[in-house]
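Colleague: I have a model open and keep running into labels I'd like to see justified. Can we go through them one at a time?

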Amino acid sequence: MIPVNKPRIYPEMYTLTKQALDSGWLSAEGPLVKKFETAFSHYITTKFGAATNSGTTALHLAMTALGIGKNDEVIIPALTIASCYFAVWYTGATAIPVDIDPETYTLNPNLLERAITKKTKAIMPVHLYGHPCCMDEIMHIAKKHHLFVIEDAAEAHGAEYKGKKVGSFGDVSIFSFYANKLVTCGEGGMVLTNNKKIYERISHLKSLYHSKRQRFVHDGIGYNYQMTNMQAALGLASLAHIEESIQKKRIMASIYNNHLRDIPGIILPIEKSWAKNVYWMYAIRVNKKEYGISRNKLMEKLFKQGIQTRSFFFSPKTAFKKLRLFQHKKNPVAETVETEGFYVPSGLGNSAQDFLKTIKIIKNIYATTHEA
Ligand SMILES: Cc1ncc(COP(=O)(O)O)c(C=O)c1O
C-alpha cells in the first residue's frame, strides 16, 4: 500500500535526539525547546514562539491568551479540521462558520462582514492544504471591526502571501508539527506572536500557570500543553531541511499537475498569483459528471489498487451531525467541496514512483469509464 503520507527521517533527528538523551533533559525544561522556539519564530519572521504539544492546544492557548471566552464569537472557515471548532468551544465561545472560496478552499473574505456581530471577537483564517488565505482583505476587515486575527497555519509552513510568510500576519498564529507536516516533531505545535505580553501569557498558561514568584502557587487555571525536549530535537532537525522540503512539495505538485491536467473532471489545486503554495498535501476534486465516477468511488478504486487517500475535511453540518450542531446552517461551497475533494499520496517521504503510479491509476479509471 502506498501511504497518503510517508514522513522523511533526517540524520539530524538521530543526532539531536541522542543529544537530548545524553543531556538528561527529556522534559519541556530542556534547552532544545527554547532553541526550536527561537529558530522557528525567526523562520516565520515573528518575534516570539511558544512551543506546545500540538496544534490543537496551540489554538486553545492562542484563544485563551487573547481573553476569548463565554459570550464571544469567533469566525472560522466552513471547511477545516475540528480542532478549530474545539479550541473555540474549550474557551466557552461560539464558533461561527463562514463559507469558503471555491478556488483556494479558504475563508471567503466577501462573506465575512455579514457574519460579524456585536459578539464577534476574532477571525480565524486557515491556510488550507498549504495555500494562503486572502490576508489583505481579512486584515482590513479585522482592523475595521477591531477584531483579533488568529492565523491557523498548521498546514502551511513556509507558504507566502505577497512574499510574506503566513503566520506573520495575525495577532497570533499557530502551527502544527504533526508527523505529516513540513516541519515535524511527531506531535507538536507552536503559537507565534510579535506581542511580548501575549507570548508571556501563553508561556505561563501552557505550564500550569505557576506564579513567577513561587512555583506550585498558581496565578490562574493553567494547562500542561508543553513540548518536550525530545520533540524539539525532531523539530529542529526537520526545520533544518525546510527549504528542501518546500522544493520537494512543489516538484511533487508539478508532477501531479502535468499529468492530471488533461483528465476531464479532475480539478487541480491552484496557486493564486499572489501566493506561494507549499502543497502540504496534493488536494484534488472530482467532478462526477465529467470524470465518470464520484470522489468516493475513485477513492475506493484507488484503495483496491494499493493507493491510500484521504477525503477533504467536512463542512460543520456533516462533521458535527452527531452533536446536532449546525444542521440548519448553509455553506454551499463547503458542502459541495466536501463531497468532491480528496488528497493523494504526497508526503515528503513519498517517491516520484508513488505519484506516477497514482496518476496512472486515475488515468486508467477515466479511460475505462469512458470506453465504447
Ligand atoms: C488546519 C489545522 N489546524 C489545526 C490542526 C491541529 O493540529 P494538531 O494535529 O497538531 O493538533 C491541524 C492538524 O493537522 C490542521 O490541519
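Colleague: Why are H1 and H7 called roughly antiparallel to each other?

Modeller: Bear in mind that this is a predicted model. The axes of helix H1 (residues 11–23) and helix H7 (residues 229–239) cross at roughly 150 degrees. Angles over 145 degrees count as roughly antiparallel, so H1 and H7 get that label. Their axes come within 8 Å, and the crossing of H1 and H7 is right-handed.

Colleague: Which residues of H1 and H7 meet there?

Modeller: From H1 you have Glu 12, Met 13, Leu 16, Thr 17, Gln 19 and Ala 20, and they meet Asn 229, Met 230, Ala 233, Leu 234, Leu 236 and Ala 237 in H7. Sorted by class, that contact has eight nonpolar, three polar and one charged residues.

Colleague: What makes H3 oblique to H6?

Modeller: Helix H3 (residues 55–65) and helix H6 (residues 196–205) have axes that come within 9 Å and cross at roughly 125 degrees. The perpendicular range is 65 to 115 degrees and antiparallel needs over 145, so with neither of those fitting, H3 is oblique to H6. The crossing of H3 and H6 is right-handed.

Colleague: And which residues make the contact of H3 and H6?

Modeller: Leu 61, Thr 64 and Ala 65 of H3, together with Ile 198, Arg 201, Ile 202 and Leu 205 of H6. By class, this contact of H3 with H6 comes to five nonpolar, one polar and one charged residues.

Colleague: Why are H3 and H4 oblique to each other?

Modeller: H3 and helix H4 (residues 82–90) pack at an angle of about 40 degrees, with their axes 9 Å apart. Roughly parallel would take an angle under 35 degrees and roughly perpendicular starts at 65, so H3 and H4 end up as oblique. This crossing is right-handed. In H3, Gly 55, Thr 56, Leu 59, His 60 and Met 63 meet Ser 83, Cys 84, Phe 86, Ala 87, Val 88 and Tyr 90 in H4. The residues of the contact of H3 with H4 divide into seven nonpolar, four polar and no charged.

Colleague: Now the sheets. What makes S1 and S3 edge strands?

Modeller: The sheet is an open one of seven strands in the order S1-S9-S8-S5-S4-S2-S3, with mixed pairing. Strand S1 (48–52) and strand S3 (94–98) each have a single partner strand, so one side of each is left without a neighbour in the sheet. Ignoring direction, neighbouring strands of this sheet are turned by 25 degrees against each other on average.

Colleague: How do you know that S1 and S9 are paired?

Modeller: Pairing requires at least two bridges, and five bridges join S1 to strand S9 (residues 189–193). S1 and S9 run antiparallel, and Thr 52 has Gly 189 as its bridge partner in S9. Helix H2 (residues 31–44) packs on the sheet, touching S1 and S9, and the direction of H2 makes about 130 degrees with that of S1.

Colleague: What makes S6 and S7 count as a pair?

Modeller: Strand S6 (residues 160–161) pairs with S7 in the antiparallel sense over two bridges, and the requirement is at least two. Glu 160 stands opposite Lys 165 in S7. S7 and S6 belong to an open sheet of three strands in the order S7-S6-S11, where the pairing is antiparallel. Strand S7 (164–165) and strand S11 (275–276) stand at the edges of that sheet, because each has a single partner strand.

Colleague: Last one: how do you know that domain 1 and domain 2 are in contact?

Modeller: The chain is divided into domain 1 (11–99 + 106–239) and domain 2 (242–369), according to a domain assignment. Residues count as in contact when their C-beta atoms lie within 7 Å, and 24 residues of domain 1 are in contact with 27 residues of domain 2. The side of domain 1 that touches domain 2 has 14 nonpolar, six polar and four charged residues. The C-alpha centres of the two domains lie 26 Å apart.

Methods:
Residues are numbered from 1 along each chain as its sequence is written. This is a predicted model: local features need pLDDT of at least 70, side-chain atom pairs count only at pLDDT 80 or more; totals for chains, interfaces and linings use all residues. Axes are lines fitted to C-alpha atoms, for helices over the stretch in contact, and angles run from 0 to 180 degrees between N-to-C directions. Helices (H or I, at least four residues) and strands (E, at least two) are DSSP runs, numbered from the N terminus. A crossing is left-handed if the near helix is turned anticlockwise from the far one by less than a right angle, and right-handed if clockwise. Two residues are in contact if their C-beta atoms, placed from the backbone, lie within 7 Å. Ala, Val, Leu, Ile, Met, Phe, Trp, Tyr, Cys and Pro count as nonpolar, Asp, Glu, Lys and Arg as charged, and the others, Gly among them, as polar.
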